[in-house]
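Work through the exercises below with the sequence and the model at hand. Each task is followed by a solution in steps.

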Amino acid sequence: MPAPPVSKRLLYRCYRIISDVQYWIRRRFTNGGQFVFTGLVLAAMVGVDTTRTLAYQVFALLFCLLAFSIAFSLVWTAKFGAQRQLPRYGSVGVPLTYRVRLVNRTSKPQAGLFLLENLVDPRPTLREFIEQSEPGEAERSWLSRWLGVSRWRWLATQRHRGRFRERAVPVLPPRGEVEMAVEIVPLLRGPLRFTGLSLARPDPFNLLRAFSRVPLPQSLPVLPRRYPLPAFTLPGSMKYQHGGVALASTVGESEEFVSLRDYRPGDPVRHVHWRSWARMGKPIVKEYEDEFFVRHALVLDTFLARGDSEVFEEAISVAASFACTLQTQDSLLDLMFVGTEAYHFTSGRGLAHTDQILEILASVQVCRERPFHSLEHLVAEHVARVSGCICILLAWDGERQKLVRRLEAAEIPLLVMVLAEPGRAGDIAQTGYRPERFHVLETGRVEEGLARL
């Protein structure tokens with residue numbers, strides 16, 4: 001990445017300083033404290049001329065109140081310990097409840113405390129601030145685009161991973177402990193990282209809060225949002241799978257055991273049954289039977305050159321919805337996508353479980369380093385074994401139409417879904433080429449679109 005312009009670096013630094021101040025005020029001051037602080041500033045502005053107004057008296061009163069609150073917050077010191085018991089994973093938009101055990105390490109009872117979780121800093125990096133754009137930013141004035149205020153706010157919102165409401169803590173006895181339930185709502189898929197927690201204590205006037213911070217780094221995987229899907233069947237018959245299915249290891253390396261027979265030249269050494277050879281005095285091998293079964297492919301498009309990242313997140317959610325809905329007890333599901341390299345994961349019939357596929361989808365990122373045809377090449381390598389294919393695409397251009405035509409030429413039953421920004425669904429639907437089972441899903445109305453499958 002080339003060195004960013006000095007103006008952009010200065011803007012970025014200013015936004016970080018302003019956000020630091022805003023965060024400190026929201027964290028430290030209660031609602032009443034913010035009201036008093038605002039009144040203090042206004043009184044200071046109006047009461048400069050003490051001969052014309054009595055606002056300086058209001059200023060003096062509010063100043064004394066805040067000074068007392070600040071002094072109280074500086075005097076209060078207490079040490080605590082904590083232990084957080086997180087579940088295995090959470091899901092986007094679903095309230096997550098877990099337990100927190102707090103330990104009072106002082107010889108005095110501690111009452112009137114509030115628990116706040118500390119998450120990683122959601123603010124964008126300098127590179128993200130420069131390279132990424134807010135949806136609809138091109139329609140703004142040049143000054144608004146240059147300043148990037150809306151872009152900063154949008155990026156910070158997009159990176160905000162959890163919504164947490166502070167909880168009142170029961171009275172902590174001296175050298176004692178309490179356990180309490182805490183709730184947080186994950187907002188983004190991927191790791192939800194905690195840096196620690198804070199115990200806040202308001203002053204007697206409930207204007208300012210003093211904090212005691214407990215470092216407690218932890219991470220929780222957050223699975224993508226899933227939508228309910230109607231009952232449907234993806235066309236496709238059983239296909240011959242060379243080598244059968246390994247019920248506990250890898251696909252194609254083990255088959256269903258049938259019987260024992262004499263060794264024939266060319267049989268692999270791993271099939272030799274050593275006990276029978278020792279007993280009969282001649283080589284005996286295990287004979288396996290190849291299997292026919294249904295195998296579906298879930299192809300995820302990760303190539304988003306520019307535009308709304310919400311389209312990409314909705315594509316992940318659609319893929320997760322199908323991964324949860326498709327029955328894989330007697331079939332296989334192949335998830336294919338391209339990241340830093342081409343990835344192919346298989347679940348079903350004793351292989352990876354649905355939860356593992358969801359954890360993989362939780363970590364998928366936009367691919368910008370590789371061309372789109374790398375996804376076409378990945379699909380072509382496995383198309384001969386596939387009974388049906390679900391394609392989740394981020395656009396409907398020539399490259400993606402070429403991929404779909406190639407699958408149609410291989411006579412693979414298809415279900416094609418294209419994610420579109422709001423208001424763009426009609427433009428995609430009017431293109432000249434449309435496969436038989438083709439759906440356009442508009443962000444913000446994805447659940448409604450999936451209900452029509």
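Contact here means heavy atoms within 4.5 Å. The model is predicted: local features need pLDDT of at least 70, side-chain atom pairs count only at pLDDT 80 or more, and totals for chains, interfaces and linings use all residues. Residues are numbered from 1 along each chain as its sequence is written, and side-chain values use heavy atoms, with hydrogens and water left out.

**Exercise 1. List the residues that F322 touches, and place F322 in its core.**

Step 1. Leaving aside residues up to four places away in sequence, F322 touches L229, F232, L298, I390, L415, M417, L450 and L453.

Step 2. A nonpolar core is a set of buried Ala, Val, Leu, Ile, Met, Phe, Trp, Tyr and Cys residues joined through side-chain atoms within 4.5 Å. Buried means under 20% relative accessible area, exposed over 50%, and partly exposed in between (1.4 Å probe, protein chains only).

Step 3. The largest nonpolar core has 34 residues, and F322 is among those with the most contacts inside it, as are L298, M417 and L450.

Step 4. Elements giving two or more residues to this core include strand 13 (291-300), helix 8 (309-325) and strand 17 (414-420). Helices (H or I, at least four residues) and strands (E, at least two) are DSSP runs, numbered from the N terminus. Helix 8 gives the most, with nine residues.

Step 5. Another core, of 28 residues, lies apart from it; V299, V386, W396 and V440 are among its members.

**Exercise 2. Describe how strand 17 and strand 18 pair.**

Step 1. Two strands pair if DSSP finds at least two bridges between them.

Step 2. Strand 17 and strand 18 are parallel and share five bridges. In one of these strands, strand 18, L441 is the bridge partner of L419.

Step 3. Strand 18 (residues 438-442) is mostly covered, with four of its five residues buried.

**Exercise 3. How do helix 10 and helix 11 lie against each other?**

Step 1. Axes are lines fitted to C-alpha atoms, for helices over the stretch in contact, and angles run from 0 to 180 degrees between N-to-C directions.

Step 2. The axes of helix 10 (residues 373-382) and helix 11 (residues 398-409) come within 10 Å and cross at roughly 10°. Helix 10 is therefore roughly parallel to helix 11; angles under 35 degrees count as roughly parallel, over 145 as roughly antiparallel, 65 to 115 as roughly perpendicular and the rest as oblique.

Step 3. From helix 10, E376, V379 and A380 meet K402, L403, R406 and L407 of helix 11.
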